[in-house]
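Biologist: I'd like to learn how to read a protein model from scratch. Could you walk me through this one, feature by feature?

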Amino acid sequence: MAKNFFQKLSQTMTDTGRDMANEGKKFAEITKLNSMINNRKKREQECYSELGRGYFNISAHYQIPELEERVNEIREILNDIEMYQKKILDLKGVTICKSCGAEVGIHELFCSACGARNEDAKPEEEGLFCPVCHTPLNENDSFCINCGHKIEKPEQIPQKEEEVPEDKVCPACGAVNIGQNRFCRECGFRLDQQPAKDSILKSSVQESEVPETEPEIPEPERDVTEKEAYEAEEEEREAVAEESSGMDLW
């Protein structure tokens with residue numbers, strides 16, 4: 001009896017294993033077939049999408065009245081997507097490079113990825129703007145009124161009053177010059193240099209020897225010498241002799 005029991009048990013386990021193997025094969029085959037069905041359905045949807053996209057592209061020239069409503073709906077959807085994308089770019093402060101499609105700063109003149117010129121670049125505007133969404137702000141705003149970003153204001157450095165330079169005295173001639181002058185307006189000496197000792201002595205001597213204006217005194221008449229008196233008497237005698245000789249001729 002024990003032998004029959006073990007034989008039956010062994011046969012039962014064999015049959016059970018065979019049934020489980022068959023069920024496993026069936027499950028694997030069913031899973032494979034379902035995957036193939038899903039792939040074909042996916043491809044079916046892609047074909048429908050391509051068919052619809054192809055018709056949408058030619059709908060401007062060829063229209064089917066039954067599909068006109070769907071075509072108009074697709075156009076509205078595309079316009080909304082483009083508008084939302086543009087808002088995202090504005091919030092990020094970038095634009096799309098027309099050459100490579102990379103994002104470029106709105107104020108950058110050239111694309112950092114390909115070097116192409118950014119035709120949509122805008123000059124930097126004066127004033128205070130949010131660094132996140134670029135919304136114009138007032139000077140007293142601590143937070144952005146559009147996105148709520150905290151605005152960190154730069155520390156204001158107090159401006160120093162411009163100091164007016166003091167007048168400079170020429171060390172060579174003593175003339176007074178305004179603070180901006182580098183050379184003396186009287187003698188041309190460089191004001192930030194010290195003159196030589198000879199020039200200092202010369203200038204001091206010239207200042208001390210300035211002549212004072214004195215009234216002119218007429219020179220005294222000098223005495224006539226004996227020679228000059230004798231010559232004058234001889235001239236008078238000759239003149240008298242000439243006059244007397246002229247009278248005798250008459």
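Biologist: How many helices and strands does the chain have?

Modeller: Keep in mind that this is a predicted model. The chain has four helices and six strands. Going along the sequence, the pattern reads α-α-β-β-β-β-β-β-α-α. Two of the elements we'll visit a lot are helix α1, residues 2-58, and helix α2, residues 68-92.

Biologist: Since it's predicted, I'd like to talk about confidence. Which elements have the lowest and the highest mean pLDDT?

Modeller: Think of pLDDT as the predictor's own confidence in each residue, on a scale from 0 to 100. Helix α3 (residues 197-208) sits at the bottom with a mean of 50, while α2 comes out on top with 91. For the chain the mean is 77, with 72% of the residues at 70 or more.

Biologist: Now the inside and the outside. What share of the residues is buried?

Modeller: Of the 250 residues in the chain, 12% are buried. The chain exposes about 22,900 Å², and carbon and sulfur atoms supply 54% of that area.

Biologist: And how do I read the contacts between parts that are far apart in sequence?

Modeller: Take the contacts in the chain with a separation of 6 or more: residues 24 or more positions apart account for 8% of them.

Biologist: Next, charges. How many salt bridges are there?

Modeller: Here's the general idea: side chains of opposite charge can pair when their charged atoms come close. In this model the count comes to five salt bridges. One of them joins the side chains of R43 and E46, at 3.0 Å from N to O.

Biologist: Where do R43 and E46 sit relative to each other in the helix?

Modeller: They are three residues apart in helix α1, so about one helical turn separates them. R43 is partly exposed, at 35% relative accessibility, and E46 is partly exposed too, at 33%. There's a bit more to this spot: R43, E46 and E50 are linked in a network of salt bridges.

Biologist: Which salt bridges can I look for in helix α2?

Modeller: Try R70 and E73, whose side chains meet at 3.3 Å, N to O. Those two are three residues apart in helix α2, so again about one helical turn lies between them. E73 is partly exposed, with a relative accessible area of 37%. Then there's the pair D90 and K86, which also forms a salt bridge at 3.3 Å, N to O. D90 and K86 are four residues apart in α2, about one turn of the helix. D90 counts as partly exposed at 41% relative accessibility.

Biologist: What about side chains without charge? Which residues form a nonpolar patch on the surface?

Modeller: That patch is made of I74, I77, L78 and I81, with about 330 Å² of accessible area together. Pick I77 as your guide: I77 is found in helix α2, and its relative accessible area of 44% makes it partly exposed.

Biologist: How many disulfides does the structure hold?

Modeller: Zero. C184 is a nice case to check: C184 is in no disulfide, and the nearest cysteine sulfur, that of C173, is 3.5 Å away. The cut-off for a disulfide is a pair of sulfur atoms within 2.5 Å, so that pair doesn't count.

Biologist: Are the cysteines C184 and C144 buried or exposed?

Modeller: C184 counts as buried, at 6% relative accessibility. C144 is buried as well, with a relative accessible area of 5%.

Biologist: Last topic, the loops. Where is K98 found?

Modeller: K98 is in the loop between β1 (94-96) and β2 (103-105). At 69% relative accessibility, K98 counts as exposed. Leaving out residues up to four places away in sequence, K98 touches E119 and D120. K98 and D120 are 22 residues apart in sequence, and their C-alpha atoms are 9.5 Å apart in space.

Biologist: And which loop holds G115?

Modeller: G115 is in the loop between β2 and β3 (128-129). G115 is partly exposed, with a relative accessible area of 45%. From G115 to S99 it's 16 residues in sequence and 9.1 Å in space, C-alpha to C-alpha.

Key
Residues are numbered from 1 along each chain as its sequence is written. This is a predicted model: local features need pLDDT of at least 70, side-chain atom pairs count only at pLDDT 80 or more; totals for chains, interfaces and linings use all residues. Side-chain values use heavy atoms; hydrogens and water are left out. A salt bridge is a side-chain nitrogen of Lys or Arg within 4 Å of a carboxyl oxygen of Asp or Glu. Buried means under 20% relative accessible area, exposed over 50%, partly exposed in between (1.4 Å probe, protein chains only). Contact means heavy atoms within 4.5 Å. Accessible areas come from the Shrake-Rupley method with a 1.4 Å probe; for residues, only the protein chains shown count as cover. Patches are made of residues with over 30% relative accessible area and no salt bridge: like charges are joined within 9 Å, nonpolar side chains (Val, Leu, Ile, Met, Phe, Trp, Tyr) within 5 Å.
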